[in-house]
Amino acid sequence: MTSETNLREQICLLAKSMFDRGLTGGSTGNISARTPDGGLLVSPTGTSFGRLDPARLSRFDPAGALIDGDPPTKEMPLHSAFYDTRTTAGAVVHLHSCHSVALSMMPDANADDFLPRLTPYAIMKLGRVKLLPFFLPGDPAMGDAVRGLAGKRSAVMLANHGPVVAGKGIEAACNAIEELEDTARLAMMTRGLSPLGLSDGDVERLVTTFDVEWEA
Ligand SMILES: O=C(O)[C@@H](O)C(=O)COP(=O)(O)O
Ligand SMILES: [Zn+2]
């Protein structure tokens, strides 16, 4: 198998795994990954993560022209904004994962630092997560909002909608977005119970030890 064939299989396998575990339902979510030639493979619009077909993924050339496959997700401006501002981005994933959406609707949600500091892995894999306001699905202004972050965040939360995470590769992006959802779940589970989170010192040691992007 060529490496593009492998990548097609991997995108569909990881998407199905997330779908099967209830991380995004129906035809929600979208996923994209860089191909070895510098192009992109993208989930087609209106498709379910549970039933992506490797042969029908939308394929873009390195200049951003659609070459073949089904019509791409309507969130292309959002995905492109990550690739254009983060040279390290090799994949981007968006989910409609319940607990992170619930956390985004809390009146005291922290727009600059969306996830409470509860566990180390979230800090290591996501850095500081930006909460963006609500946009209509498909609104290119979401891409503009991500561009406004100048590549300093690998993960954003779209209020009342869902998380979007960029990673070095498809597996890293999926691992990171799952961590975002798990942390949001912990935050919702322990809400009002005064959980003992990580101290500022713990966060500082994590950031230094694991070379975490922790821009304000
Ligand atoms: O919420 C939406 O409509 C999109 O962000 C989404 O998740 C699915 O849209 P497509 O990727 O165009 O199917
Ligand atoms: Zn969506």
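**Exercise 1. The enclosed space**

What volume does the largest cavity have? Work out which residues line the largest cavity, and sort them by character.

*Solution.* Keep in mind that this is a predicted model.

- Step 1: Rolling a probe the size of a water molecule over the atoms shows where empty space is left.
- Step 2: Count what turns up: there is one cavity of 30 Å³ or more.
- Step 3: Read off the volume, which is about 50 Å³ for the largest cavity.
- Step 4: List the wall: Asp113, Leu115, Pro116, Arg117, Ala122, Ile123, Gly127, Val129 and Trp214.
- Step 5: Sort that lining, and you get six nonpolar residues, one polar and two charged.

**Exercise 2. The open space**

Find the largest pocket and say which element gives the largest share of its lining.

*Solution.*

- Step 1: Start with the volume: the largest pocket holds about 460 Å³ of space.
- Step 2: Go round the walls, where 22 residues make up the lining; Met124, Lys125, Ser154, Lys168 and Glu213 are the ones nearest the centre of the pocket.
- Step 3: Pick out the elements that give two or more residues to this lining: α4 (120–126), β8 (162–167) and α6 (170–189).
- Step 4: The largest share goes to α4, with five residues.
- Step 5: By character, the pocket lining splits into 12 nonpolar, five polar and five charged residues.

**Exercise 3. A strand with two neighbours**

Take strand β5 (residues 91–94) and decide whether its two faces are covered or open. Then find which strands it pairs with.

*Solution.*

- Step 1: In a regular strand the side chains alternate between the two faces of the sheet.
- Step 2: Split β5 that way: Ala91 and Val93 go on one side, Val92 and His94 on the other.
- Step 3: Check burial; these four residues of β5 are all buried, and both faces are covered.
- Step 4: Look for partners. Strand β1 (residues 30–34) is antiparallel to β5 and joined to it by four bridges, with serine 32 opposite valine 92.
- Step 5: Strand β8 also runs antiparallel to β5, again with four bridges, and here valine 93 faces valine 165.

**Exercise 4. Checking a helix**

Does the end-to-end distance of α6 agree or disagree with the span expected for a helix of 20 residues?

*Solution.*

- Step 1: At 1.5 Å a residue, the 20 residues of α6 should span 28 Å.
- Step 2: Compare that with the model, where the end C-alpha atoms of α6 are 29 Å apart, so the two agree.
- Step 3: Now look at burial along the helix. Buried residues of α6 include Ile170, Ala173, Cys174, Ile177, Leu180 and Ala184.
- Step 4: An α-helix has 3.6 residues a turn, so residues three or four places apart point the same way.
- Step 5: Glu178, Glu179 and Glu181 of α6 are buried too.

**Exercise 5. Two odd backbone angles**

Asparagine 160 and serine 194 both have positive phi values. Where does each one sit, and how exposed is each?

*Solution.*

- Step 1: Asparagine 160 has a phi near 60°, though it is a residue other than glycine.
- Step 2: Place asparagine 160 in the loop between β7 (155–158) and β8.
- Step 3: Its relative accessibility is 44%, so asparagine 160 counts as partly exposed.
- Step 4: Serine 194, not a glycine either, has a phi of about 50° and lies in the loop between α6 and α7 (200–209).
- Step 5: With a relative accessible area of 63%, serine 194 passes the 50% cut-off and is therefore exposed.

Definitions and conventions
Residues numbered from 1 in each chain as written. Chains lettered and ligands numbered in written order. Predicted model: local features only at pLDDT ≥ 70, side-chain atom pairs only at ≥ 80, totals over all residues. Heavy atoms only, no water. 1 Å grid on protein atoms, 1.4 Å probe; cavity = no way out; pocket = protein on both sides within 12 Å on 5 of 7 lines; lining within 4 Å. Points joined across faces, edges and corners; volume = space filled by probe spheres on them. Nonpolar A, V, L, I, M, F, W, Y, C, P; charged D, E, K, R; others polar. Buried < 20%, exposed > 50% of the residue type's maximum accessible area, 1.4 Å probe, protein only. Pairing = 2+ DSSP bridges. Expected span 1.5 Å × (residues − 1).
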